[in-house]
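Visitor: Let's take this one strand by strand, then look at what sits inside. Please put it on screen first.

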Amino acid sequence: MEGGLIVLAAALLLFLSPEVQGTAHLSFSNNTQVNITRDGCGVSKLCVETPNNCDPSGNSPCLFVSAVSSVPVPPNGVDLSIELSGESAGYIAVELTANASEGTSMLFICAQNSSDNGTFFFRTMQRNNTDDMLTPTETRVKEIRGMVNGNMIKCEFTVPNLNASNTRSSAATTFSVLLGNGSFDGSALGAFNLLFGSKPLDLTKPNSNVPPTAAPTTMPNTTIMPTIMPTIMPNNSGALQPHAVLLLLSVLTLSVLLRV
């Protein structure tokens with residue numbers, strides 16, 4: 001009887017432990033390598049970050065997420081491959097909101113358990129946009145891999161069959177992308193601290209948040225036409241008349257003004 005209680009207690013602790021991998025809706029990759037850079041941003045992957053244009057592979061603070069989408073297939077939606085990188089003693093997270101008026105969002109959390117030597121763990125939550133309440137949800141996620149180095153957390157994962165539409169005849173791929181972080185006290189996740197929120201973006205288009213390039217400005221033609229000096233003939237005595245001298249001075253003055 002005592003042995004049975006010990007096994008039951010051990011199983012309960014394993015179930016409650018935040019770093020446990022392999023719950024029904026989560027599957028982890030055998031490859032633990034994580035390499036996140038800006039390479040391909042705006043071309044092959046959609047990138048959102050704060051501060052603007054920061055580099056997740058650099059030494060400066062940078063909360064960064066990138067997304068690569070498969071081809072939309074109604075009604076299944078898309079498979080979305082996500083990279084997430086940032087610094088936190090608790091967790092970093094990316095939130096996808098299809099419709100802010102609905103009041104709830106999907107939150108994907110990459111975290112460390114500092115009370116257990118910084119062990120990496122992953123969670124999916126639903127956030128209520130009105131009171132910031134976090135509720136566990138079993139959103140399916142696969143190919144999860146992550147690493148923790150001090151307060152630096154990096155992770156990669158894929159969300160299959162992501163669809164912003166509730167209808168079976170379409171595959172909507174427009175979401176607002178929010179970035180933030182929060183605390184973890186060893187047993188519970190703290191509130192989501194929003195650090196950046198994008199406008200609605202089409203996740204299938206890597207350049208959907210890249211500003212259009214401005215057309216080149218055409219400079220007006222500023223060519224100065226040469227001044228033609230009038231020919232003033234002297235009178236029969238060989239001397240210039242007074243009115244001719246005044247006309248010549250006026251033309252010379254106008255020519256100087258045009259060249260300034």
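**Strands, cores and disulfides**

Visitor: Which residue in β7 is the bridge partner of glutamine 112?
Guide: This is a predicted model, where local features need pLDDT of at least 70 and side-chain atom pairs count only at pLDDT 80 or more, while totals for chains, interfaces and linings use all residues. Residues are numbered from 1 along each chain as its sequence is written, and side-chain values use heavy atoms, leaving out hydrogens and water. Strands β6 (residues 104–113) and β7 (residues 119–128) run antiparallel, joined by 10 bridges; a strand is a DSSP run of E, at least two residues, numbered from the N terminus, and two strands pair if DSSP finds at least two bridges between them. In β7, the partner of glutamine 112 is phenylalanine 120.

Visitor: Which residue takes a positive phi in the hairpin of β6 and β7?
Guide: There are 5 residues between the two strands of that hairpin. The one with a positive phi, near 60°, is asparagine 117.

Visitor: Next door, which residue in the turn between β7 and β8 has a positive phi?
Guide: β7 and β8 run antiparallel with 3 bridges, and in β8 the bridge partner of glutamine 126 is threonine 135. They form a hairpin with 5 residues between them. In that turn, the residue with a positive phi of about 60° is aspartate 132.

Visitor: Which strands are the edges of the sheet?
Guide: The sheet is open, with 6 strands in the order β8-β7-β6-β5-β11-β12 and antiparallel pairing. The edge strands each pair on one side only, and they are β8 (134–136) and β12 (193–202).

Visitor: What does the twist average from one strand to the next?
Guide: Take each axis as a line fitted to C-alpha atoms, with angles running from 0 to 180 degrees between N-to-C directions. From one strand to the next in this sheet, the average is 25°.

Visitor: And which residue in β11 is the bridge partner of glutamate 95?
Guide: β5 (residues 91–97) and β11 (residues 174–182) run antiparallel, and 7 bridges join them. The residue in β11 that partners glutamate 95 is leucine 178.

Visitor: On to the inside: which strand gives the largest share of the largest nonpolar core?
Guide: A nonpolar core is a set of buried Ala, Val, Leu, Ile, Met, Phe, Trp, Tyr and Cys residues joined through side-chain atoms within 4.5 Å; buried means under 20% relative accessible area, exposed over 50% and partly exposed in between (1.4 Å probe, protein chains only). The largest core here has 29 residues, and Val94, Cys110, Phe122 and Phe157 have the most contacts inside it. The largest share, 5 residues, comes from strand β10 (residues 152–162).

Visitor: How many residues are in the second core?
Guide: This core is separate, and it includes Tyr91, Leu107, Phe184 and Phe192. Its residue count is 10.

Visitor: Which residues form the aromatic cluster?
Guide: Rings of Phe, Tyr and Trp (its six-membered ring) pair if their centres lie within 6.5 Å, with planes under 30 degrees apart called stacked, over 60 edge-to-face and the rest tilted. By that rule there are 3 aromatic pairs. One cluster is formed by Phe108, Phe122 and Phe157.

Visitor: How many residues apart are cysteine 110 and cysteine 155?
Guide: These two form a disulfide, with sulfur atoms 1.8 Å apart; the cut-off for such a pair is within 2.5 Å. The torsion about the S-S bond is about 85°, so this link is right-handed. It joins distant parts of the chain, with cysteine 110 in β6 and cysteine 155 in β10, and the separation is 45 residues.

Visitor: What pattern do the disulfides follow?
Guide: The whole structure has 3 disulfides. Cysteine 41 bonds to cysteine 47 with sulfurs 2.0 Å apart, a left-handed link at -85°, whereas cysteine 54 and cysteine 62 have a right-handed link at 65°. Counting bonded cysteines along the chain, the pattern is 1-2, 3-4, 5-6.

Visitor: Why does glycine 77 count as buried?
Guide: Glycine 77 lies in the loop between β3 (63–69) and β4 (78–87). Its C-alpha atom is 6.8 Å from that of alanine 172, 95 residues apart along the chain. Glycine 77 counts as buried because its relative accessible area is 6%.

Key
Helix = DSSP H or I, 4+ residues; strand = E, 2+ residues; numbered from the N terminus.
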